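Okay, thanks for coming, everyone. Let me put today's model up on the screen and then walk you through a few bits of it.

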Amino acid sequence: MFFSGEKMKLACPTYLIISATSLYAVMSNISYGQSTPSEFAKLSLVQLFELSIDETQVKQQSLSPWSFVYNVKRVEFDGYLDGDASLSRDEVWWQGLPDVRTSKNFPIVPTVITQQAQVISIGYQFDPKWRVHVSIPYLSQSTDHISGIPNYTNFTINTSGLGDVELSASHQLVNSAENIWWVTAGLSLPTGSIDEQGDTPRAAGDQHLPYTMQLGSGTYDFPLQFSYQSLGAHDFSLNMSAVIRAGKNDRNYRLGNNYSLAGRYNFTLSPSVRPFIGVEIMHSQAIHGRDEALLVEAPFAYPASITDPRLYGGDKLYGKVGFTWEFTDYLMLTVELAKPLYQNLNGPQPKEDYRSALNISHVI
Amino acid sequence: MEQPGLSKENKIKATYLLHFTKYIHWPAAQSLVPVPLRLCLDTTVVFYDFMADIITRYNASGPHRLIQLEQVVNAANCELTYLQNQVQPSLSQLSHSLLVVESEAVGQPHSGITFYTLQRKIRFSINIDVLAGLNLSVSSELLKLARIEHNA
C-alpha cells in the first residue's frame with residue numbers, strides 16, 4: 001500500500017529539531033505491494049503509472065514490512081532579528097564603554113551558526129493501518145563568534161554527537177479513494193547531551209555551552225502529527241505537527257514547544273520525478289527556566305544572546321521547493337530547500353538564512 | 001477481498017478506469033438531480049467484479065460524482081466504456097461514449113484511449129481528436145502520462 005505525507009520536522013536542540021515524525025514524512029512515498037481492490041483504489045495516478053505488471057513484484061514487495069530512511073538536514077543562521085526588524089551586527093554587539101550596555105546588546109556575538117543532522121530511521125509496518133518507527137539522529141553544530149575579549153576576538157565552537165532518539169507510531173485514521181489521514185504520536189528520549197562544554201571567553205579552559213550548542217533537550221518530549229494526503233486530481237498534502245515538552249531537565253530548563261502547519265503541492269514532471277512547492281508556518285516558544293551555568297556575575301547576566309532563554313522562539317513562514325525521484329522500485333531520493341519568507345522572533349535572535357534536506361528511503 | 005483470478009495487469013487497467021473518471025471532465029448532465037457517470041464494461045466476469053468492488057468503495061468515499069457500473073449489453077447509455085473485445089460500433093449506448101480498449105489488438109473503431117504495455121508497465125494513448133469530438137476535456141496531469149495521438 002501507499003501512504004503519503006510530507007513532513008520533515010525538526011526537533012532539538014533549540015534550532016535544529018529532528019523528530020520521529022520525520023520518518024513518517026520520508027516514508028510517505030514508500031510503496032508496498034497491492035493486491036486487493038481497496039489497495040489498488042488508493043493508488044494515485046502517478047503511483048499507478050509506476051507499477052510493474054509483474055506478479056512477482058507484488059509478492060516481493062509485500063514480504064517485507066521493514067523500511068529504512070537516511071536523512072541529512074542542514075540549517076544556517078546569519079544576521080539578527082528583533083521581532084521582524086533586522087539588526088546590524090553593531091547593534092547587537094556591545095564593544096565596551098562608552099557604548100551603553102542593555103539587555104539587547106552583548107559582549108559576545110555569534111555570527112554564523114550551522115547545524116547539521118544525520119538521521120537513520122527504521123520503520124516496521126504491522127498492518128496497513130499501523131506502523132512504528134525509531135529515529136536515531138547524529139548532530140554536528142558549529143558557531144562562529146566575535147567579541148572584544150582578548151584572545152577571543154574571533155572564535156568558533158563545535159559540538160557533535162548523538163541527539164534525542166525518537167520512537168513513534170502511526171495510525172491510519174481515514175483511507176478512502178479521495179484522501180488519507182494519518183496520526184503519528186511519539187516519544188523523544190533525552191539521549192542527547194545537555195552537558196556539552198567548550199572554550200568560551202567566560203573563563204580559561206572549557207565551560208558549559210549555551211542551549212544552541214547542546215545536542216538534546218534533556219526532557220521527555222512528545223511529537224504529534226496529523227497528515228492529510230489528497231488522492232484526487234491534485235496531488236497535495238497538509239501536515240499539522242507539534243512537539244510538546246514536559247517538566248524540566250537536569251539543568252533546570254526545558255525547550256519551548258513547537259507547532260507547525262505545512263502544505264505541499266506535487267507536480268508531475270515525469271512518472272518518476274515529481275517537483276513540489278510548499279509553505280510552512282511554524283511557531284516555537286521561548287525556553288522555560290534557565291541554565292545557571294551560562295550566567296556571569298555582572299549587572300547584565302547574559303554574555304551572549306544565545307545564553308538568554310527569553311531570546312528563543314517566535315514565528316516563521318517558509319517557502320519550499322524540492323523534488324522526489326523514485327530511481328528504482330525500492331529507492332527514492334527527496335531534496336528540499338526551504339527559505340524563511342518572514343520571521344518574527346523573540347529577539348535579538350539569530351536569523352535563519354535557509355534550511356535544506358536530503359533523504360534516501362529504501363524498502364528493505 | 002482479494003481477487004485471485006484477475007491478473008495484476010488487469011487490476012492496474014481497472015484502476016486506470018477509475019482515474020479516468022477523475023481526470024476527464026464530462027459535460028454537465030441536463031438534470032436537476034445529480035446523475036451518476038455511467039461506466040460500462042464488456043469484460044470477463046472477474047474483471048467486472050473487481051471493478052465493481054473498486055467503484056463501490058469509491059462511491060462510498062464521496063462527496064463526488066457517483067459512478068454507475070453496468071454491462072454494455074444491459075446499458076441504455078454509457079459515458080465511459082471499457083472493451084476487452086471488439087463490439088458493434090453501431091450500438092446506440094456507445095454513440096456518445098468514450099471508448100477505452102484493452103489493447104490495440106481489440107481494433108475497435110473510434111476508441112479514445114488504448115492501453116499498451118511498455119517495459120512491463122501499463123501505458124495508454126489518448127486520441128485527442130476523438131475526445132474533442134465527444135466534447136470532453138482532459139486534465140493536463142493525465143495528458144502528461146499519455147502518448148498523444150490524432151486521427152489519421
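So, which residues have the most contacts inside the largest nonpolar core? Quick housekeeping before I answer: this is a predicted model, so local features need pLDDT of at least 70 and side-chain atom pairs count only at pLDDT 80 or more, while totals for chains, interfaces and linings use all residues. Residues are numbered from 1 along each chain as its sequence is written, and chains are lettered from A and ligands numbered from 1 in the order in which they are written.

Right, the answer: A:Leu48, B:Leu17, B:Phe20, B:Met51, B:Ile54 and B:Val100, in a core of 41 residues. By nonpolar core I mean buried Ala, Val, Leu, Ile, Met, Phe, Trp, Tyr and Cys residues joined through C-beta atoms within 7 Å. Buried means 20 or more other C-beta atoms within 10 Å of a residue's own, with C-beta atoms placed from the backbone.

Take B:Leu17: leaving out residues up to four places away in sequence, it touches B:Leu39, B:Met51, B:Tyr82 and B:Val100. Touching is C-beta atoms, again placed from the backbone, within 7 Å. There's also a second, separate core of 17 residues, including A:Tyr80 and A:Ile306.

Now B:Val100. It sits in strand S5 of chain B, residues 98-101, and points the way B:Leu98 does, with B:Leu99 and B:Val101 going the other way, all buried. Strands here are DSSP E runs of at least two residues, numbered from the N terminus. S5(B) pairs parallel with S4(B), residues 80-83, over four bridges; pairing takes at least two DSSP bridges. B:Leu80 is opposite B:Leu98. On to S6(B), residues 113-118: two bridges join it to S5(B), also parallel, and B:Val101 partners B:Thr114 there.

Notes. Buried ≥ 20, exposed ≤ 12 C-beta atoms within 10 Å, placed from the backbone. Contact = placed C-beta atoms within 7 Å.
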